[in-house]
Structure formats: structure tokens, C-alpha cells
Amino acid sequence: MNANHPEFSVIIPVYNRPDEVDELLCSLAEQSAGDFEVVVVDDGSQISCEQVVEKYVGRLAVRYFYKQNSGPGQTRNYAAQECAGEYLLILDSDCVLPPDYIAEVKKELLRQPCDAFGGPDRMHPSFTDVQKAISYSMTSFFTTGGIRGGKRKLDKFYPRSFNMGVRREVYEALGGFSRMRFGEDIDFSIRIFKEGYACRLFPEAWVWHKRRTDFRKFFRQVFNSGVARINLYKKYPSSLKLVHLLPACFVLGVLCLLLLSFFSAYALLPLLLYVLLIFVDASLLNGSLRIGALSVVASFTQLAGYGCGFLVAFWRRVICGKGEYEAFKKNFYK
């Protein structure tokens, strides 16, 4: 590849997060392997990151664009039109890359070429205890079934937009991301598999993913993910798997156990055992009882938020028969 046609084009959509973009660009500037360009697109931000991007012009082949707000999926599509690389590497702005990220992607593509791929995420030592707890809740087999790139999993791996790669010609053939407000990355991954393209997990091409910084924002995020799962089900009925039902079952199960506890305190025993499991596992993984305790809160927030979003969307879209925009216009499509 020459300078005008790099092997990789890194796409970074951003909305009001210049500090995060600064960290991500810094990690890109320190990559051990080169041959990539970076395209940053501000999605109608009130807090621009243009000056942040300008700091890296001499260190990276980076370009900055600003557009009216239309959501992350359409912002990635906008960026893709400006890219020249053979592969598009799609990252969220709240990620930071280890120095060998690009090198690991190159290594996997040389070992076994594919059309699309994704990698897992990890915690960075600098994360706050709450961020570490939230990261645990999103990656543990005991909370998400390992579907985000874990070694143990209840469903096959679908690349997600915080760490996703795709051959540019495949991206164009699929028409890029849909107009779904949430779940657009899973929608894209489903279409990759449905069209028969080769898609793999690159286990060593991982990122540090900072996620939300408090439990209220985290609840809203996973609530939206639960809504997105039903929207995906309406588009692709076969995409709904057992693992996606578990958070909703968890919410209903907890409510039943709480009601039964009025008649017998033993009814809460399964819940207490689950709390103990999460606490011990997270404490051992992080070497901290405090993070273990926060992981219990994060895990219940993750399961309750996703489960509630799933149940609300199931009622509005499946039982009441409302369309995607009609069912959540007040929430997402103002």
C-alpha cells in the first residue's frame, strides 16, 4: 500500500468527548505497526474536538470532519466515504489501544484472511473502580454469557462497533450501517453472516474500553441495548437466542423471589448465592474486595437495565405491534 491507499482506515465517530479522542489518538500515534490513516467525524457536537485532532496532524495521517447529528451508524457511513484503506477499523471514542493493536490485526489477517472481524475489550489499570466494575459486568461469563469475545460463550461472536474491522468492499456491498438508533452494529454483523462473508474473532486485537462512568448512565446504556435486541428480533427473528432472554428472565425472577420472600426468607437464597458468586469472582479477578462489591452493583444494573429495556420493547413492539420509530419516538427519535 502507498501513502494514498493505506492498508487500514481507522474510523472514530465522536459526540462531545474531546478528552476521549485525545487519549485514543495518542494510543494510535504510539502503534508499533503503521500503514493506516485516521478519520475522525464529529457528529454535531457542541464541544468540538477539532483542536485535539490538529495536535496529531504531524504524528498521524489524520483528518477531521464535522456533520449534523444523525447518530453513530450514519456518522460511520459518512467517515467510510472519506476512507482509502483496504480495511476499515471501527472504534468507539471511549477506547484506548495497546501499542500492538494494529500489529495483531495484521498478524491475524496474514494467518487467516477474512472479510470482517472484531476483538474483545479489557480493563486498564487507570480505570476507576466503578469503570472496572462495569467492565466486569459487561465481559463476565456470569453476566453476559461471554458473547463479547470471552473464551466461554453461549452464542457465537458478533463484532461490535467499539472494536470492529471489515474489508471496505464488503462494507460498501452491505450498504454500511443501518439507520437503527441502537443496535446498529449487531444489525451490521448479522448482515455480514447472512451474506456469507467470513467473520472471525481476533482474540489478541483487544482494546481498553472505558464505558460509562456512573451507574445511572450505565443503566440507560444497557436499557437501550435491551430495546435494540427486540428491534433486531423484529428484523431478524432467528437472531434471538437463549442468552438474550436471560436478563429479562433475571428481572422477572428477582421480582418473583422478592414476592416469595414475604412468605419465606429462604426464597432469597438463590439471589444471595448469585451475589456471592459475582462478588468472589470479581474480587479475585481484580484483587480488590471493593471492586468485587461494586461489580455486584454493576452486574445487577446491567442485567436489570437490559432486561427492563427488553421487556418494555417486547410489550410495545411485539404485543402492541408498534413500529420502531413509533414505539420509542419520545426516547430516541425526537
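This is a dialogue on reading salt bridges, a small sheet, a surface patch and one loop residue in a predicted model.

Biologist: Where should I start with charged side chains, and how many salt bridges are there?

Modeller: Side chains of opposite charge can pair when their charged atoms come close. In this model the count comes to 18 salt bridges.

Biologist: Which residue forms a salt bridge with arginine 76?

Modeller: The partner is glutamate 184, and the closest N and O atoms are 2.9 Å apart. The two residues lie in distant parts of the chain, 108 residues apart: arginine 76 is in helix α3 (residues 72-81) and glutamate 184 is in helix α8 (residues 184-194).

Biologist: Is arginine 76 buried or exposed?

Modeller: Buried means under 20% relative accessible area. Arginine 76 has 2% relative accessibility, so it counts as buried. Glutamate 184 has 5%, so it is buried as well.

Biologist: What does arginine 200 meet in a salt bridge?

Modeller: Its side chain meets that of glutamate 108, at 3.1 Å from N to O. This pair also links distant parts of the chain, with arginine 200 in strand β9 (residues 199-201) and glutamate 108 in helix α4 (residues 101-111), 92 residues apart. Arginine 200 is buried, with a relative accessible area of 14%, and glutamate 108 counts as buried at 11%.

Biologist: Why are arginine 168 and glutamate 172 separated by about one helical turn?

Modeller: Because they are four residues apart in helix α7 (residues 168-174), about one helical turn separates them. They form a salt bridge, the closest N and O atoms being 3.5 Å apart. Arginine 168 is partly exposed, with a relative accessible area of 24%, whereas glutamate 172 is exposed at 52%. On the subject of networks, salt bridges with shared partners join Arg17, Glu20 and Asp94 into one.

Biologist: Now the sheet. What is the order of strands in the open sheet of three strands?

Modeller: The order is β5-β10-β7, and the pairing is mixed. At the edges are β5 (95-96) and β7 (121-122); each has a single partner strand, so one side of each has no neighbour in the sheet.

Biologist: In which sense do β5 and β10 pair?

Modeller: The pairing of β5 with strand β10 (residues 207-209) is antiparallel, over two bridges. To find the register on screen, look at valine 96, which stands opposite tryptophan 208 in β10.

Biologist: Which residues make the nonpolar surface patch of about 490 Å²?

Modeller: The patch is made by Leu269, Leu273, Leu276, Val280 and Leu284. Take valine 280 as the example: its place is in helix α11. Valine 280 has a relative accessible area of 38%, so it is classed as partly exposed.

Biologist: Moving along the chain, where is serine 288?

Modeller: Serine 288 is in the loop between α11 (269-286) and α12 (289-319). A place in a loop does not settle the exposure class, so check the area: serine 288 has a relative accessible area of 18% and is buried.

Biologist: What does the side chain of serine 288 reach at 3.3 Å?

Modeller: It reaches the backbone nitrogen of arginine 290.

How values were computed
Residues numbered from 1 in each chain as written. Predicted model: local features only at pLDDT ≥ 70, side-chain atom pairs only at ≥ 80, totals over all residues. Heavy atoms only, no water. Buried < 20%, exposed > 50% of the residue type's maximum accessible area, 1.4 Å probe, protein only. Polar contact = N/O pair within 3.5 Å; in protein donor to acceptor, adjacent residues only side chain to side chain. Pairing = 2+ DSSP bridges. Patch = residues over 30% accessible without salt bridge, like charges linked within 9 Å, V, L, I, M, F, W, Y side chains within 5 Å. Areas by Shrake-Rupley, 256 points an atom, 1.4 Å probe, with all protein chains shown as cover. Salt bridge = Lys/Arg side-chain N within 4 Å of Asp/Glu carboxyl O.
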